[in-house]
Structures are given as C-alpha cells and as structure tokens.
Amino acid sequence: MKIGVIGAGAVGVGVCNYLLTLGSISELVLLDQNLARAEGEAFDFRHTAALTFTKNTHIVPTDDYLSLIGADIVVITAGAQIKQGQTRIDLAEINAKIGVDIARNVERVAPNAILIVVSNPCDIVTHFIATNTGYAAEKVISSGCVIDTARLMSIVANRVNLDPKNVFGYVLGEHGSNCFTPKSLISIAGQPADYYCDTHKMPRICADELLESVKQAGYEIFKRKQNTTHGIAASVFRIIQAIMINERSVLPVATLIQGDYGLDNVVLSLPTVVGQNGAQAILQHPFTQDELSTLHAVADNVTKIVEQVAAQTGLNAR
C-alpha cells in the first residue's frame, strides 16, 4: 500500500512515525512545500530502520504531487495555524481554500485515493473538499471526533481506575465547540456507566461535565505546547489501520451526511463503519429525543459556518 502525507509539520511527522513503526506499507510519500524540511524528516526516519524491527518502507520526500501517483490513502495535515486575533471563521476561510487546492492537486494524480483530512477546522475543510472535487463523499474523511472520543475514554478510565480500552462511548458532532456526548452510549467494562459507578460506590458520571473535561483537555495541551500532536497522530493512524485491512471498525469520523438522522449536506462525526472503501456506513443509534435534538442543533451551527465560508471564498457548499 502507498500512503501520502501532505504537510511535514508536527502532526504530519507524527503520522509518519506511526506508519513507519507500526504500519505495513510499501511506500510513504511526505509532501511539503518546503522540500528541505520533508527531506530532513525522511532522512532522519531512514536511520531508524537499522534499529527497529519494522517494515523497510520506502520513504519519498517531495514537493511534487506527481509523487502521489497511485496513492491509496492521502492524509492532509497542511494548513494555516490560528493566530492571535483570528476567529475560527477566519481560519476556516483560509484552510478551506488551501484544503480544496490540495485535494484538487491530489485528485489529478490519485483519483481513487481515500482522503483523511486533519487540517483545522477539519470538518469544515472536509465539507468543501467533498463539494468541490470529484471524490465520493465516503472517500473524504475528517479525523473528526476520534481524538475527542479517545480523550473521553482516557478521562473516564482515570476516574474509575481502569484501562481506557475498557471504556466505551463517543464524542459526536463537530470536532471543536459543536460536539456532544450521548450519555446513553457510555459504558464501562460492558456495563452501563451509572450501573458500574453505583455498584462500585463511585460518583456517577455527568455527561455534560465529561464533555467539558474533554474540551478542556485539548485546550490545556495547546496552552502548554501551542499544538496537539500525539493524540491526533494516533487517531489518524487508527483510521488508516481500519482502511488498510478492511477492518470495518466503528469510529466517530466525520463525512458528508446525506439523509442519515434527518440531516443533509453537513459534515459531522457519527458512529461510522470504516473499511477498505472508506466510510462505508453510518450506524443508526437509538438516540434519546434530547440527544437527537442536540445533534440537529449542532448540524444547524455547522451549516451556518459553512454558508459564511462559502460566501467569503466562492467555494461550492453543495
């Protein structure tokens, strides 16, 4: 399998690290406008092959999209970082145009690739790539709320003193402020969260407080190091794994929704079956009426942002 990573920043390099140490791919293309930077990262990675028992993946540093010919998966991490004084809409306008330009270049050389979008705001950028290129909606995947869900699992696990992999639940909606945590889907060791906490004489988990802790976790990381790297890189690798081996894992990635849950033309994270063809199906969960109302409110907020960005950039919103 051939995978391309666009952007040799911290997240792009983090994704490469996972692919080289844990993955099983024949070729990895690291593309960046700064060729020297891409070359430096690739040369540095090559020295690890003599020290780790990993696949001897061919690494190609480049600034030329032709190097992506035949790529099966392309991860887009390139884009502007939010600056002091900028609003989220400002960043969305900038990165939507960058993302669409990148995707159009990729489409010319790898029209059958699956795109994984990481550039923030990733769901808005994904929307415009899906509506301004020839890629099918299921092949344009936002990393979405996979990282938020991982934070939820870790926070709950810390409270009940268990391994995070024994916690189940989702953060859904938009990766950012427009997200929510359905309490009905949180379980611990296979048991409903309230039941587990009651039988172990622990305080029950409040979904609203938990969601606030999830949001705060990203902020606290950013405040200290001005970016978030390891968690998002691991999240992207998790998505790639599901695609590579047709795992059909259910992950809270975001794709362009067209009819599910009564929603249309909006990119949101929902429990999605991910396999070799990308986002293969969105699962229908029995949300409570309150949870469904929250989902629709989130969709309305995201749609307003998309309309604002479309008006400012001239990009197609449909």
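How do the residues of the lining of the second largest pocket divide into nonpolar, polar and charged? The tour reaches that lining at its second stop. The model on display is a predicted one.

**First stop: the largest pocket**

Begin with the largest pocket, whose volume is about 1,600 Å³. To find its centre, select Gln-81, Leu-91, Val-118, Asn-120 and Phe-222, which lie closest to that point among the 48 residues of the lining.

Next, select helix H1 (10-22), helix H3 (88-109), helix H5 (146-160) and helix H7 (207-225); these are the elements that give two or more residues to the lining of the largest pocket. Then keep H3 alone in the selection: with 7 residues, H3 gives the most to this lining.

Finally, colour the lining of the largest pocket by residue class. The colours should show 21 nonpolar, 19 polar and 8 charged residues.

**Second stop: the second largest pocket**

Move now to the second largest pocket, which has a volume of about 680 Å³. Select Val-146, Thr-149, Ala-150, Met-153 and Ser-235; of the 30 residues lining this pocket, these are the closest to its centre.

For the surrounding elements, select H5, strand S7 (167-168), H7, helix H8 (230-244) and strand S12 (249-251), each of which supplies at least two residues of the lining of the second largest pocket. Within this selection, highlight H8, which gives the most to the lining, with 8 residues.

Colouring this second lining by class answers the opening question: its residues divide into 16 nonpolar, 9 polar and 5 charged.

How values were computed:
Residues numbered from 1 in each chain as written. Predicted model: local features only at pLDDT ≥ 70, side-chain atom pairs only at ≥ 80, totals over all residues. Heavy atoms only, no water. 1 Å grid on protein atoms, 1.4 Å probe; cavity = no way out; pocket = protein on both sides within 12 Å on 5 of 7 lines; lining within 4 Å. Points joined across faces, edges and corners; volume = space filled by probe spheres on them. Helix = DSSP H or I, 4+ residues; strand = E, 2+ residues; numbered from the N terminus. Nonpolar A, V, L, I, M, F, W, Y, C, P; charged D, E, K, R; others polar.
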